[in-house]
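Here are some worked exercises to try at your own pace. Please have a go at each task before reading its solution.

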Amino acid sequence: MSNRLNTTPNDLRAFWMPFTANRQFKQNPRMLVGARDMHFTASDGRKILDGTAGLWCVNAGHCRPKITEAIAQQAGELDYAPAFQMGHPKAFELANRLVDIAPDGMNHVLFTNSGSESVETALKVALAYHRVKGNGSRTRLIGRERGYHGVNFGGISVGGIVTNRKMFGTLLTGVDHMPHTHLPAQNAFTKGQPEHGGDLASELERIVTLHDASTIAAVIVEPVAGSTGVLIPPKGYLKKLREICTKHGILLIFDEVITGFGRLGSPFAAQHYDVMPDMITSAKGLTNGVIPMGAVFVTSEIHDAFMQGPEHMIEFFHGYTYSGNPIASAAALATLDTYKEEGLLTRAAELSPYWEEQLHSLKDCPHVIDIRNTGLIGAIELDPIAGEPTKRAFSAFLKAYDDGLLIRTTGDIIALSPPLIISKDQIDELFEKLRTVLKGVT
Ligand code: PLP
């Protein structure tokens, strides 16, 4: 594709791009220069249908006027306010509004700037909570194989994606991992929640027996694992995790950085699956992806445990220069307004049957070995080229982009998560383009 910006690889040298094949990109840059609603505009003028809501974050679609206006207005009114020992009204208003849509009992919010920071914050709250309750021996954290919890040290320690971990030394000690729940032999081409694998939750019981509950602070899982290629929780799995955590006094953290804000058809996955964790991490859809911001929801039980000691003392030694930043808060409030006015936090539930039907119609396309879906999430797993893992999916990604469709790939899995404003016609268009792509890749 032509690149009308006429950049040379040398112009692009300075920026070391994240999670990107830098050398490949700089030879053939894929530059986006504009966006509106369901589409990006590429530097060569083409419209690109957004099949991924950016990076699972632009849930209301692009350049929504209410959000962009709120940001401009806030930037001219109060650009920054110190986050420590000072406040500004919008952060408090936002926390109240978030608590209103969160599962019952999630009554307090800590603000961060990303999903990774939300995870670090939640893990630290868990450790400190047990300590203030007099259970300082509870220091172990339990994650899951194939889990993705961002890229900071806590997150990659509890995370289970080997490429994200193996370069970085010993990571946090005292971490263990449950097995993942991906069982393609039994569950391939399942629509919605898989039948098989719910009993894998009892692996947590085995881990508790090994280490003793008195050493374990928290379990963290994505209700639907996204970045590893969309693993949907088998029936009964999350409820069973909850039961085991409750039985042993272990905190359960749902990492809802991608499932939060309507992706499954409820505001949060906890509501969708009717399983109440002790903390929820979020980011992305909180500001429609427009301004970096994350939020960690905690129960009153956790929050109140910290509210002791002399009143002039800081209760929790943690926070960021930009926690609850005024412009991010304004963007998030406008995002929540947009979601409410357009019914976007539940729209995925209405669209999901149609989405499912169209997605699974790709079953007979070349190389497809599994298709799975929930809410407005879909995954198409491709048979890897022998000896060249990820190459086939990456070719599909490049071809889709050339054909005017943005998809995301991880390993040999195509992950789809369009903005929640997508129309049925656009769903048809998305899968028609993808059918052509799959027929075209070798
Ligand atoms: N947790 C989950 C479940 C995620 O999917 C992501 C990002 O995709 C993160 C954490 C990290 O978020 P961020 O990239 O904003 O740090």
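**Exercise 1. Find which strands helix 14 lies across, and how helix 14 runs relative to strand 11.**

Solution. This is a predicted model, so start by tracing helix 14 in the display. Helix 14 lies across strand 11 and strand 12. Comparing directions, helix 14 runs at about 175° to strand 11. A second helix also belongs in this picture: helix 15 (residues 391-402) packs on the sheet, where it touches strand 12, strand 14 and strand 15. The direction of helix 15 makes about 170° with that of strand 14.

**Exercise 2. Work out the strand order of the sheet that holds strands 11, 12, 14 and 15, and say which strands stand at its edges.**

Solution. Step one is the order: the 4 strands follow one another as 11-12-15-14 in an open sheet, with antiparallel pairing. Step two is the edges: strand 11 (368-374) and strand 14 (408-410) each have a single partner strand, so one side of each lacks a neighbour in the sheet. Step three is the twist, which averages 20° from one strand to the next. Finally, look at one pairing in detail. Strand 12 (residues 377-382) and strand 15 (residues 413-416) run antiparallel and are joined by 4 bridges. Glu-381 has Ile-413 in strand 15 as its bridge partner.

**Exercise 3. Do the same for the sheet that contains strand 13.**

Solution. Here 4 strands make an open sheet in the order 1-2-3-13, and the pairing is mixed. Strand 1 (32-36) and strand 13 (405-406) are the edge strands; each has a single partner, so one side of each is left without a neighbour in the sheet. Strand 1 is antiparallel to strand 2 (residues 39-42), and 4 bridges join them. For a residue pair to find on screen, take Arg-36, which stands opposite His-39 in strand 2.

**Exercise 4. Are helix 14 and helix 16 roughly parallel or roughly antiparallel to each other?**

Solution. Take the axes: those of helix 14 (residues 344-360) and helix 16 (residues 424-440) come within 10 Å and cross at roughly 20°. Angles under 35 degrees count as roughly parallel, and therefore the two helices are roughly parallel to each other. Their crossing is right-handed. Helix 14 contributes Tyr-354, Trp-355, Gln-358 and Leu-359 to the contact, while helix 16 brings Lys-424, Ile-427, Asp-428 and Phe-431. Sorted by class, this contact has 5 nonpolar, 1 polar and 2 charged residues.

**Exercise 5. Describe how helix 3 packs with helix 13.**

Solution. The axes of helix 3 (residues 65-77) and helix 13 (residues 326-341) are 8 Å apart, at an angle of about 155°. Angles over 145 degrees count as roughly antiparallel, and therefore so do these two helices. Again, check the handedness: helix 3 passes helix 13 in a right-handed crossing. Residues of helix 3 in the contact include Ile-67, Ala-70 and Ile-71, and those of helix 13 include Ile-327, Ala-330 and Leu-333. By class, the contact has 10 nonpolar, 3 polar and 2 charged residues.

**Exercise 6. Is Ala-269 buried or exposed?**

Solution. Locate Ala-269 in helix 11 (residues 269-273). Ala-269 has 27 C-beta neighbours inside 10 Å. The cut-off for a buried residue is 20 or more, so Ala-269 counts as buried. Beyond its neighbours within four places in sequence, Ala-269 is in contact with Pro-223, Val-224, Phe-254, Glu-256, Thr-259 and Leu-264. For a longer view, the C-alpha atoms of Ala-269 and Arg-435 are separated by 30 Å, with the two positions 166 residues apart along the chain.

Methods:
Residues are numbered from 1 along each chain as its sequence is written. This is a predicted model: local features need pLDDT of at least 70, side-chain atom pairs count only at pLDDT 80 or more; totals for chains, interfaces and linings use all residues. Two strands pair if DSSP finds at least two bridges between them. A residue is buried if 20 or more other C-beta atoms lie within 10 Å of its own, exposed if 12 or fewer, and partly exposed in between; C-beta atoms are placed from the backbone. Two residues are in contact if their C-beta atoms, placed from the backbone, lie within 7 Å. Axes are lines fitted to C-alpha atoms, for helices over the stretch in contact, and angles run from 0 to 180 degrees between N-to-C directions. Angles under 35 degrees count as roughly parallel, over 145 as roughly antiparallel, 65 to 115 as roughly perpendicular and the rest as oblique. A crossing is left-handed if the near helix is turned anticlockwise from the far one by less than a right angle, and right-handed if clockwise. Ala, Val, Leu, Ile, Met, Phe, Trp, Tyr, Cys and Pro count as nonpolar, Asp, Glu, Lys and Arg as charged, and the others, Gly among them, as polar.
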